[in-house]
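Visitor: I should like a close look at one topic, the pairing of aromatic rings, together with the surroundings of the residues concerned. Please state the criteria as you go.

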Amino acid sequence: AMGRILRMLGVQVEDATRKLDMRFAQAGIISPDAPILYLFFQRVISLFLFVIALMLLLSHGEGLEFWFYKLSGLFVGMVALAGPYLWLQNKIEHRHKLLQRAFPDTLDLMLICVESGLALDAALNRVCTELGRAYPEMTAELNRTRLELALINDRVRALMNLADRTNMLAFRSLVATLIQSERFGTSL
């Protein structure tokens, strides 16, 4: 229903969701409905909030009541204008911090698994098993990569998806090393 309302308002929902998909992946939100909810809040609910903010700013009062209306109007107006963007950006930054915190332990365990003779897929599976409780965000990301490696014929694309979803230098370096190892058959 939200998608239909957005289409009636002239929003190109498919194009907009395609543009937002990577940002939601970076935030760790994998629901296919999340971009539509985001767009609905950004385009429809924000208009209502903006009208409420204008009503509060234009209302009359004396003393403390006057300042309450003005400050409330400014707050609601800020939420209407920047709320969805700030929420999504906060989710992305929070997830980056969690992944950054988990990366050293994950890399150490992956190195131990590979040096013991496991292939990349088996090493990822073992890392996910061992770190599941300590770092659930990292485990979910590596599980998704492991499944993509099994399902997608192009292993390089599956690894690049990991780098794109995390959008972090540490993961990009790891992915570059893994791709080089895959491509040239060098020791991991």
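Guide: A residue is called buried under 20% relative accessible area, exposed over 50%, and partly exposed in between, computed with a 1.4 Å probe on protein chains only. The model is predicted: local features need pLDDT of at least 70 and side-chain atom pairs count only at pLDDT 80 or more, whereas totals for chains, interfaces and linings use all residues. Residues are numbered from 1 along each chain as its sequence is written, and side-chain values use heavy atoms, leaving out hydrogens and water.

Rings of Phe, Tyr and Trp (its six-membered ring) are paired when their centres lie within 6.5 Å; planes under 30 degrees apart are stacked, over 60 edge-to-face, and the rest tilted. Helices are DSSP runs of H or I with at least four residues, strands are runs of E with at least two, and both are numbered from the N terminus.

Searching the whole structure yields four aromatic pairs. One of them joins F24 and Y38: with ring centres 5.6 Å apart and planes at 85 degrees, it is edge-to-face. This pair connects distant parts of the chain, since F24 belongs to helix α2 (residues 13-27) and Y38 to helix α3 (residues 34-58), 14 residues apart. Both partners, F24 and Y38, are buried. Another pair is F66 with W67, also edge-to-face because the ring centres are 5.3 Å apart and the planes meet at 80 degrees. Here F66 is partly exposed, at a relative accessible area of 29%, while W67 is exposed at 55% relative accessibility.

To return to F24 in helix α2, its relative accessibility is 3%, and therefore it counts as buried. Contact here means heavy atoms within 4.5 Å. Setting aside residues up to four places away in sequence, F24 touches I29, A34, P35, Y38, W87 and L88. Of these, A34 is 10 residues from F24 in sequence and 7.8 Å from F24 in space, C-alpha to C-alpha.

Burial can also be read for the cysteines. C113 is buried at 5% relative accessibility, and C128 is buried at 7%. A disulfide requires a pair of cysteine sulfur atoms within 2.5 Å, and the count by this rule is zero. The cysteine sulfur closest to that of C113 is in C128, 10 Å away, which is too far for a bond.
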